[in-house]
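Work through the exercises below with the sequence and the coordinates open beside you. Each task is followed by a solution that goes step by step.

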Amino acid sequence: MPTVRLSFSPAAAHVRTARLVGVAVARRAGVAEELLEEVRLAIGEACSRAVALHRSHGLDDLVDVAMADGDRFTVLVVDRAANGAMVTRAEGETGDEVMVLSDPALPLTTPPDLLAEEAVAARMGLALLAGLVDDLNVSELGEGVGTQVRMSWPLERPTE
């Protein structure tokens, strides 16, 4: 299946459309039925985070979403906000793998009354995504300003 691309203005009303399109593409790609709710929630959180970042930075740039299947169903959500947030995996104290959230634009010492609602939503979005998606990568864009959220899920393909 070719890549499905969706770009929308940073308005919360468009997040629902992105979720609906994402689930339809995931179903068509062969994602297991029991994972579709996770896909829907994750796409909604990633898109809501991008919208919140755009709004908190006063950006009118479009939020970009790309969905493709290959070995896995992959979703990329790109924002254009200068925030430098990342999610990395590390080994915890007990030897288990843990996810580390890094968001230099929103230090943990910032008093809650100084955080805009959009900034809080963006930070919570990363935490929710880390709990929802097993294969999650959040990184700065290679070119230009912004963040790329990459998520993927396994596909069920009939054996031949």
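A residue is called buried when its relative accessible area is under 20%, exposed when it is over 50%, and partly exposed in between (1.4 Å probe, protein chains only). The model is predicted, so local features need pLDDT of at least 70 and side-chain atom pairs count only at pLDDT 80 or more, while totals for chains, interfaces and linings use all residues. Residues are numbered from 1 along each chain as its sequence is written, and side-chain values use heavy atoms, with hydrogens and water left out.

**Exercise 1.** Classify Val-31 as buried or exposed, and list its contacts.

*Solution.* Begin with the location: Val-31 lies in the loop between α1 (13-29) and α2. Its relative accessible area is 5%, and therefore Val-31 is buried. Next, take contact to mean heavy atoms within 4.5 Å; leaving aside residues up to four places away in sequence, Val-31 touches Ala-26, Leu-36, Val-39, Phe-73, Pro-154 and Leu-155. Finally, consider Leu-155, which is 124 residues from Val-31 along the chain although the two C-alpha atoms are separated by 4.6 Å.

**Exercise 2.** Determine the order of helices and strands, and describe how β2 is paired.

*Solution.* Helices (H or I, at least four residues) and strands (E, at least two) are DSSP runs, numbered from the N terminus. The protein has three helices and seven strands, arranged along the sequence as β-α-α-β-β-β-β-α-β-β. Two strands pair if DSSP finds at least two bridges between them. On one side of the pairing list, strand β1 (residues 4-8) runs antiparallel to β2 and is joined to it by five bridges, with Ser-7 having Asp-64 as its bridge partner in β2. Strand β3 (residues 72-79) also pairs with β2 in the antiparallel sense, over six bridges; here Met-67 stands opposite Val-75, and a hairpin of two residues connects β2 to β3. Because five of the seven residues of β2 (residues 63-69) are buried, this strand is largely enclosed by the rest of the structure.

**Exercise 3.** Characterise the environment of His-54.

*Solution.* His-54 belongs to helix α2 (residues 36-56), and its relative accessibility of 0% is why it counts as buried. The His-54 side chain reaches the backbone nitrogen of Arg-80 at 2.9 Å. Beyond four places in sequence, the residues that His-54 touches include Pro-10, Leu-59, Val-63 and Asp-79.

Technical notes. A polar contact is a pair of N or O atoms within 3.5 Å; within protein, one must be able to donate a hydrogen and the other to accept it, and residues adjacent in sequence count only if both atoms are side-chain atoms.
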